[in-house]
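I opened my notebook to look at where the ligand sits and what empty space the protein encloses. Here is what I looked up, entry by entry.

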Amino acid sequence: MSTLRLILGDQLNPTHSWFQAIRPDVVYVLMEVRQETDYVLHHAQKVIGIFAAMRDLARQLKEAGHRVRYVRIDDAHNRQALTNNLDALIPHYQATQVEYQAPDEYRVDQLLAAWREKLNATGAVLCSMAPSEHFLTERDEVARLFAGRKAWLMEHFYRHMRKKHRILMASATQPMGEQWNFDQDNRKPWKGAPVLPADWRTPHDHAKLWQAIQAAGIESFGQPQAAEFRWPLNRAEALHDLTEFVTHALPHFGDYQDARTTQGWRLFHSLLSFALNTKMLNPREVIDAAVQAFEQGHAPLAAVEGFVRQILGWREYVRGVYWAQMPGYDGRNELDHQRDLPEWFWTGQTHMACMAHAIGQSLDQAYAHHIQRLMVIGNFALLAGLSPQAVHRWYLGIYIDAFEWVELPNTLGMSQFADGGLLATKPYTASAAYLQRMGDECRTCRYNPKERLGETACPFNALYWHFHLRHQTTLGSNPRLGFVYKQLENMSETQQQQLEQQAHQLLSNMNEL
Ligand code: FAD
Ligand code: DLZ
């Protein structure tokens with residue numbers, strides 16, 4: 001008689017209450033399965049990172065005295081699907097109970113819920129779902145807060161969270177520093193100083209694991225970097241990364257939050273999303289570490305508030321949007337964008353220097369920072385009218401931190417405006433002037449950010465105006481776009497036609513840009 005406890009590949013939290021007692025009747029089950037490697041084409045580092053971290057948690061649990069059944073990708077008995085493997089393990093361990101932690105992805109949640117119902121109907125095995133003990137909100141908390149409202153403003157949710165959790169508060173209702181938000185201070189371009197932090201992450205040699213992944217026939221893309229793999233393997237490494245971030249990068253996080261540079265690939269960003277999303281780190285401890293740095297005078301309020309907002313605000317908020325909007329959210333396409341991704345999304349080989357850098361580093365590192373994802377790659381995809389579903393699959397595959405609950409609202413909602421403005425009050429679009437102001441890629445680019453027409457004109461310019469012209473019926477009355485439509489009004493018809501012609505030429509030649 002035993003209990004099986006399933007641990008999914010993004011539930012690698014050794015501090016979960018499940019592990020408080022060593023129970024000889026409990027078998028922890030982790031499995032590498034094609035069902036999870038193949039639901040989208042993943043970056044090689046994502047498959048390596050998840051497998052390596054799952055294997056490491058299994059090692060830690062065994063060393064602590066727990067019973068563990070680890071199903072490797074090349075195990076002869078591996079049925080390559082979560083519930084098929086569980087069906088085989090139940091009789092093997094004579095299990096009378098199966099437990100699993102609440103999955104974060106709708107697909108897996110539905111799959112396990114249906115299986116649980118079937119199992120419970122047999123009466124022989126009792127199956128139940130336990131909390132993952134990770135988030136600061138319940139799945140439905142965002143939906144409850146916004147019940148009856150048309151626009152779901154993150155800022156409203158964020159203030160609610162600051163008050164509820166008493167984070168950076170001067171009193172029960174007043175924020176520290178008399179401001180909720182320091183965004184206005186956090187928009188500096190980076191001009192070569194302060195010095196960019198070194199890569200503090202621990203290198204690992206996962207060459208053997210990478211061989212096993214390839215031998216199993218798992219398809220992937222991007223650079224594996226297997227011999228010097230830098231994403232954290234476990235909580236100890238993740239905690240080390242958190243300390244290094246707080247010491248070396250957090251003080252500058254706010255200032256350069258929106259900046260871009262070709263002299264590095266992460267500026268002062270934390271690189272903590274993989275550790276957070278696989279639950280090696282808890283969001284509350286990351287927030288507390290940042291707040292402590294402010295309290296000890298090590299980091300300014302604007303930097304700490306900017307960082308806390310991402311985790312306490314955005315991260316919890318998009319999760320709530322995901323659970324409120326699924327199923328169906330992944331199919332939304334309010335702007336009816338249908339174009340396929342250009343080929344260089346898979347190679348980084350484009351003459352647009354900002355796109356080449358952002359996509360190139362995504363392929364090399366399985367990482368791009370927020371502004372590259374939103375204002376470079378996402379901006380291009382939106383202006384060019386790429387299919388939000390194709391863009392979603394690309395983002396879900398390429399980034400080390402990509403899990404649907406967080407990726408989908410960011411991509412489809414925030415970046416592609418495909419939900420019609422539920423999550424963003426206006427589309428995140430920008431022309432070359434913005435790109436040039438906040439980054440240094442234009443200096444080496446074939447295209448000229450100041451030109452709108454002609455062969456050397458930056459494609460972002462004509463595409464920007466074309467986007468707003470073609471969506472004038474939907475977006476023209478948006479008060480936040482007043483300045484854009486005013487500029488269009490001031491253009492002559494000939495100027496508008498020239499821009500449209502230029503855009504059509506770019507769009508019909510996208511693979512060559
Ligand atoms: P930092 O800039 O150091 O921020 C700290 C932490 O805040 C992050 O680790 C993350 O946990 C959280 N955070 C910051 N911004 C967001 C946000 N908008 N939504 C949710 N959490 C946020 N984040 C993911 O974790 N997974 C994704 O798949 C993902 N896909 C994205 C797709 C698009 C199109 C966009 C625009 C954003 C996406 N983000 C995603 C949000 C954000 O870009 C990443 O969290 C961030 O770049 C991760 O790097 P970091 O850890 O260095 O973050
Ligand atoms: C992303 C991923 C990959 C590539 N492989 C596995 C796996 O083999 N086994 C597993 O348990 N989880 C994996 N994952 C993470 C899951 O996709 C994730 O747990 C679900 O999407 C639920 O959020």
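**Ligand 1 and its surroundings**

I began with polar contacts in this predicted model: a backbone N or O atom of serine 273 lies 3.0 Å from an oxygen atom of ligand 1. Next I checked tyrosine 367, where a side-chain N or O atom is 2.7 Å from a ligand oxygen. For arginine 373, I found a polar side-chain atom 3.5 Å from a nitrogen atom of ligand 1.

Then I asked how much of the ligand is covered: of the 820 Å² of accessible area that ligand 1 has on its own, the protein covers 99%. I noted that α10 (273-277), α12 (301-325), α14 (370-383) and α16 (404-415) each give two or more residues to the shell. That shell has 29 residues, with His269, Ser270, Leu271, Asn277 and Tyr367 the closest. I sorted them by class into 15 nonpolar, 10 polar and 4 charged.

**Cavities**

How many cavities of 30 Å³ or more does the structure hold? I counted 2. The largest has a volume of about 360 Å³, and Gly9, Glu36, Tyr39, Ile50 and Phe403 are the closest to its centre among 25 lining residues. Helix α2 gives the most to this lining, with 5 residues. By class, I logged 14 nonpolar, 3 polar and 8 charged residues there.

My last entry is the second largest cavity, at about 80 Å³. Its lining includes Cys354, Cys442, Cys445 and Cys458, and α13 (353-365) and α17 (432-438) each give two or more residues to it. I found 11 nonpolar, no polar and 1 charged residues in that lining.

Terms used:
Residues numbered from 1 in each chain as written. Chains lettered and ligands numbered in written order. Predicted model: local features only at pLDDT ≥ 70, side-chain atom pairs only at ≥ 80, totals over all residues. Heavy atoms only, no water. Near = heavy atom within 4 Å. Polar contact = N/O pair within 3.5 Å; in protein donor to acceptor, adjacent residues only side chain to side chain. Areas by Shrake-Rupley, 256 points an atom, 1.4 Å probe, with all protein chains shown as cover. Helix = DSSP H or I, 4+ residues; strand = E, 2+ residues; numbered from the N terminus. Nonpolar A, V, L, I, M, F, W, Y, C, P; charged D, E, K, R; others polar. 1 Å grid on protein atoms, 1.4 Å probe; cavity = no way out; pocket = protein on both sides within 12 Å on 5 of 7 lines; lining within 4 Å. Points joined across faces, edges and corners; volume = space filled by probe spheres on them.
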